[in-house]
Amino acid sequence: MRKDVRILLVGEPKVGKTSLIMSLVSEEFPDVVPYRAEEITIPADVTPERVPTHIVDYSEAEQTDEQLFQEISKANVICIVYSVNNKKSIEKVTSHWIPLITENTDKDSRVPLILVGNKSDLVEHSSMETILPIMNQYSEIETCVECSAKNLKNISELFYYAQKAVLHPTGPLYCPEKKDMKQLCIKALTRIFKVSDLDNDGILNDNELNFFQRTCFNTPLEHQALEDVKNVVRKNLIDGVCDNGLTLKGFLFLHTLFIQRGRHETTWTVLRRFGYDDDLELNQDYLFPPLKVPPDCTTELNHNAYLFLQSVFDKHDKDRDCALSPEELKDLFDVFPYMPWGADVNNTVCTNDQGWITYQGYLSQWTLTTYLDVQRCLEYLGYLGYSIIAEQESQAAGITVTRDKKIDLQKKQTQRSVFRCNVFGDIGSGKSGFLQAFLGRNLMRQKMIKEEHRSYYAISTTYVYGQEKYLLLHEVFPDFDYLSDADLACDIVCLVYDVSNPYSFEYCAKVFKQYFMDSKTPCMMIAAKSDLPEIKQMYGCSPLEFCRRHKMPPPQSFTCNTAAAPNRDIYTKLTTMAMYPHARLRCMCTCNRCTFCLCQNFLNSELLQTVRAKLYAVVLRRHVSQADLKSSTFWLRASVGATVFAVLGFAMYRVLLKTR
């Protein structure tokens, strides 16, 4: 809605333009009327629409044509004043003033016109019979008002209609020739209907109508008022009411009726509440509310946003199979001006056996969009009507901006739920297979993916110590010389090499040394295609030795060439390392050969468990007497025993280390 309104009065000399302005301001007819009144500003608090209004007079005697043209170009609405007792001034409306205004205004931004018949106190008849054909001829004419500056008849109404013509114009909504709403208006109201239809059954029931009424007008409708509205629709439209609810046809009919009866401010109130501007396009301020994201911070959906998206999913999952078929997905995005998700989304998130996006995959895609492009997420939530349905100030209320990653490292804990893993590797190393395996697709299913539908992202959930987290995998294009900041910014790095290709590991080693060796980002080496025979890598040292030198976990064997869905343990390990980068886990394998695993096995051995159980039994069951506890000999023996146990444990560790 405009922040102010500028009204220009034009017309032939002596028709009473200046008198109308002065009568409005002083509320009495002036004894002396100047050639031209100075520009007057009416404050917002005294206007019906609560908008400052500027009233500008024109005088042919005091102003040039150039000044007139400038005023026409600045005006929001133009009142063409004629005298009801002067036929020549009426003729000049069509022969001079309307053509002049048309020539000096932009064709794309039509300025509304109001015909003002002044001096109605001097005649007994109305001029409307003469004016109606003119109104029918020119669609830019909003209305016609007959008034009298002398007895103050319809003076306030004149300027109210002028203000209304700017703030609630008929032009964008209605076509007088067709006597129907314009297509843009129908499209906007159709979206509003679908957003308001909370159960997606094609009708607005009483609860939905009341919610709609409260949302737009801050007050619910009484039961009788609701019935009266539905009865009006029933009388005029056969299928306007169904199952005692308002259908889309009935909803559109009501707004057509409002416009035809001059109550188009009702329709505009609805449109503006749902984010539309004067051109019936969704306002940029509505779609993109301000949201500040500092450097090194990420964006995630909060609990309320996930609840809203869950309700949207449930609303469109008509067959209740926890997946969205292509028809259901199309219906969900019907309130968008375009289809936001392409075929690549099906290869970015989890799908069912039919290739339909599951509930988990649906939430994952929203999480991905929020993380990578929060402005796009705000736009999408705006199309779905998040701020209206969730009763929030804007879509920004559904976004959480995480704290700086440096603070997470300092505090050694994080509150984030989404972790990014950038996957590096040479061409043919198995990066794409690694991403698709995360979504539960083995090699056989991956071969069915078309190249044009390929995705460089994969996102799903993993569980770390009972907490559900999102892991976002991003396949980085293997161009060593052109790695961007986005390629390097992540929570964990995954370096993938092909065990069957002797030259595959070299790329991973170079990337690590060039970009990550001195960084605090944890890295993991993935030995992909482990189902194939392992070939010695043509590098200065083996992948295992490389990982030891750089204090990385040993290479993790991985293959997606399995009969069932590939194992997901490795993705849990990645998420754990991303959550706790400060931990610097030395080993995450289960090989039973490395020192870490042997020590772990010793600590978990039956012998050690028995000794530990005996000690617990002595302490917890209080087999030690009070006399023993007071004896210095007892504590000396206990100290010696603990020391011997520690020495033996360290000696065994050294023996195992030498053996390894």
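This passage walks through a predicted model of a protein chain, from its overall make-up to a few helix packings and two loop residues.

At the broadest level, the protein chain contains 27 helices and 21 strands. Of its 660 residues, 48% are buried. Among contacts in the protein chain with a separation of 6 or more, 70% join residues that lie 24 or more positions apart.

A good place to start a closer look is the largest nonpolar core, which has 70 residues. Within this core, Y362 and W366 touch the most other members. The contacts of W366, once its neighbours within four places in sequence are set aside, are L301, L309, W341, C377, Y380, L381 and L384. As a general background, nonpolar side chains tend to be buried together in soluble globular proteins.

Both of these core residues also take part in a helix packing. Helix 12, covering residues 303-316, packs against helix 14, covering residues 359-372, at an angle of about 135°, and the two axes are 11 Å apart. Because of that angle, helix 12 is oblique to helix 14; the oblique class excludes angles over 145 degrees, which count as roughly antiparallel. The crossing of helix 12 with helix 14 is right-handed. On the side of helix 12, the contact is formed by Y306, L309, Q310, V312 and F313, while helix 14 contributes Y359, Y362, L363, W366 and T367. Sorted by class, this contact of helix 12 with helix 14 comprises eight nonpolar and two polar residues, with no charged ones. L309 of helix 12, part of this contact, is also one of the residues that W366 touches.

A second pair of helices offers another packing to explore. The axes of helix 7 and helix 8, the latter spanning residues 223-236, come within 11 Å and cross at roughly 100°. Helix 7 is therefore roughly perpendicular to helix 8, since angles of 65 to 115 degrees fall in that class. Here the contact is made by D206, L209 and N210 from helix 7, together with H223, L226, E227 and K230 from helix 8. In this contact of helix 7 with helix 8, two residues are nonpolar, two are polar and three are charged.

Helix 7 appears again in the surroundings of helix 10, where it is among the elements covering the buried residues. Helix 10 runs over residues 264-273 and is mostly covered, with seven of its 10 residues buried. The buried residues are H264, T266, T267, W268, V270, L271 and R272. Their cover includes helix 5 (155-167), helix 6 (183-196), helix 7 (206-217) and helix 9 (248-260). Just after helix 10 comes G275, which takes a positive phi of about 95°.

Positive phi values are also found at two residues other than glycine. N244 has a positive phi of about 60° and sits in the loop between strand 10 (241-242) and strand 11 (245-247). With a relative accessibility of 37%, N244 counts as partly exposed. Y465, for its part, has a positive phi near 50°. This residue, Y465, lies in the loop that separates strand 17 (457-464) from strand 18 (467-475). Y465 counts as exposed because its relative accessibility is 65%, and the exposed class begins over 50%.

Notes:
Residues numbered from 1 in each chain as written. Predicted model: local features only at pLDDT ≥ 70, side-chain atom pairs only at ≥ 80, totals over all residues. Heavy atoms only, no water. Axes fitted to C-alpha atoms, helices over the stretch in contact; angles between N-to-C directions. Helix = DSSP H or I, 4+ residues; strand = E, 2+ residues; numbered from the N terminus. Parallel < 35°, antiparallel > 145°, perpendicular 65-115°, else oblique. Left-handed = near helix turned anticlockwise from the far one by under 90°. Contact = heavy atoms within 4.5 Å. Nonpolar A, V, L, I, M, F, W, Y, C, P; charged D, E, K, R; others polar. Buried < 20%, exposed > 50% of the residue type's maximum accessible area, 1.4 Å probe, protein only. Core = buried A, V, L, I, M, F, W, Y, C linked by side-chain atoms within 4.5 Å.
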